[in-house]
Amino acid sequence: MTATMAEGADSALWNEDLAPTAARDRTWDWRSFAALWVAMVVCVPTYLLAGGLVSEGMNWWQAVMTVFLGNVIVLVPMLLVGHAGAKHGVPFPVLLRSAFGTTGAKIPALARGLVACGWFGINTWVGGSAIYVILNALTDNLFAGSPLPVLGIDPAQTVCFFAFWGLHIYFIRQGTESIRWLEMLAAPFLILMGLALLAWAYVTAGGFGEMLSAPSAFAPGGAKQGQFWPTFFVSLTGMVGFWATMALNIPDFTRFARSQRDQIIGQAVGLPVPMALFTFIGVAVTSATVVIYGEAIWDPVQLAGRMGGLGVIVALAALVIATLTTNMAANVVAPAYGFSNLAPGAISFRMGGYITAGIGVAMFPWRLMETAGDYIVTWLVGYSALLGPIAGILIADYYLIRRTRLTVEELFREDGRYSGNGGWNRAGIVALILGILPSLPGFLANVRLVDDVPGVLAVLYGYAWFVGFGVAALAYLLLARRG
């Protein structure tokens, strides 16, 4: 996309990647958005959501309903925030300037970018693990070795991780258009592979009756009797947190929409329905592993390694493609724009992508995936405490303060109407802090930085996204109207 700097725009706030989308670049119809979501939904982390809930004690329908409800909830802010991109053609970091100021906007943009870096690392680890399993399946575990010091993974795992990482670097170098055609080509293939996996489980386990027979651990006499609702609400917050990332930076994509109708229909069709389908596949197959292997195998990479034969190669090749498509769209675009926003004159979208890839490695993503509890409670719920307040502030500002009206050229001026006080909108910054504070004690206890917190604060952490969203939105409205 080539753009000319608007008259009066400051070079410290503008580059071609951050500029408003020109009319000729608004080419995405509803099918484009639906395909984008299918390609992102059908991925290993989505499968891990469902399987993780089963391993935490839910039966199949409890897990499916938890995931489905979480996605219906997060679709609402997704469409609301996406409206701004489709109407004004600006990406997420630029939209933030309205609520946080031209300088203050860098804080939530960087926070969103760092979360995406963590997801980038997780997905890259999953894809590299798939390659590692393929190699060992073909060579009778020739590449299995002892863990390396510090890293905690063996040499072959390390090489596979960086090989898959290098594939991302290629697409980052090719730019955003390569991401689009990758998503469009992969979407139908990924759906077919998911259905094929479900068919394998159905045949091997002897039908859906056997497949879905694993009972809930929360039922009377179960190992977790009476503990369903606390687990459900924490898990629901995790499910909302799963796509809370995209609920924020969705303007990065909707800015290319032909109309509001296209982005609304495309997302409504592309997110909840495929998510429900793939969730059921994950739950059903995980439940089937109890019958087939005598244990719940919630990691599809481990499952593929147990399958053996040609199936392991086909299954893991599909996993590599699924992981790549999700990672490029969901976890490269947002931080690339975010890092570009820090210094538009020095950091392009491409350079922002390279920075993302580097941080994703430095976060040691395999540590986050050690248990289902760490994945859902620590990672998903933890960052939702940060992203919920940002979403609340954005929606309050755009709909209740601005009434969806923005003077776009002013977003690129250091002395414009959105510059705040020296580049800082104090209402946005203070509201962000207030939105995070209620969940902070519970998070610190969960990562074992403090020994214990009062019970009410531990409960609030289980609702982190919702609490942060509500507190920050209300605080911003009061502060902004008073100011």
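Buried here means under 20% relative accessible area, exposed means over 50%, and partly exposed is anything in between (1.4 Å probe, protein chains only). The model is predicted, so local features need pLDDT of at least 70 and side-chain atom pairs count only at pLDDT 80 or more, while totals for chains, interfaces and linings use all residues. Numbering runs from 1 along each chain as its sequence is written, and side-chain values use heavy atoms, with hydrogens and water left out.

**Close-up 1. Tyr398 meets Tyr399 edge-to-face.** Rings of Phe, Tyr and Trp (its six-membered ring) pair if their centres lie within 6.5 Å; planes under 30 degrees apart are stacked, over 60 edge-to-face, and the rest tilted. That rule gives 28 aromatic pairs. In the pair of Tyr398 and Tyr399, the centres are 4.9 Å apart and the planes make 85°. Tyr398 is buried at 3% relative accessible area, whereas Tyr399 is partly exposed at 21%.

**Close-up 2. Trp465 and Phe466 pair up too.** Their ring centres sit 5.4 Å apart with the planes at 85°, so this one is edge-to-face. Trp465 is buried, with 5% relative accessibility, and Phe466 is partly exposed at 29%.

**Close-up 3. Ring pairs link up into a cluster.** The members are Trp125, Phe161, Phe162, Trp165, Phe364 and Trp366.

**Close-up 4. Arg306 puts its charged end over Tyr293.** The distance to the ring centre is 4.6 Å. To count, NZ of Lys or CZ of Arg has to be within 6 Å of the ring centre and within 35 degrees of the ring normal.

**Close-up 5. Helix H6 covers residues 106-139.** Helices (H or I, at least four residues) are DSSP runs, numbered from the N terminus. H6 has 34 residues and reaches 49 Å from its first C-alpha to its last, close to the expected 50 Å; the expected span is 1.5 Å times one less than the number of residues. Of its 34 residues, 25 are buried, so H6 is largely enclosed by the rest of the structure. Just after H6, Asp140 takes a positive phi of about 55°.

**Close-up 6. A nonpolar patch lies on the surface.** Val430, Ile433, Leu434, Leu437, Leu440, Val471 and Leu479 together offer about 510 Å² of accessible area (Shrake-Rupley, 1.4 Å probe, only the protein chains shown counting as cover). Helices H19 (426-436) and H22 (464-482) each give two or more residues, and H19 has the largest share, three residues. Patch residues have over 30% relative accessible area and no salt bridge, and nonpolar side chains (Val, Leu, Ile, Met, Phe, Trp, Tyr) are joined within 5 Å. A salt bridge is a side-chain nitrogen of Lys or Arg within 4 Å of a carboxyl oxygen of Asp or Glu. Ile433 lies in H19 and is partly exposed at 46%.

Methods. Patches are made of residues with over 30% relative accessible area and no salt bridge: like charges are joined within 9 Å, nonpolar side chains (Val, Leu, Ile, Met, Phe, Trp, Tyr) within 5 Å.
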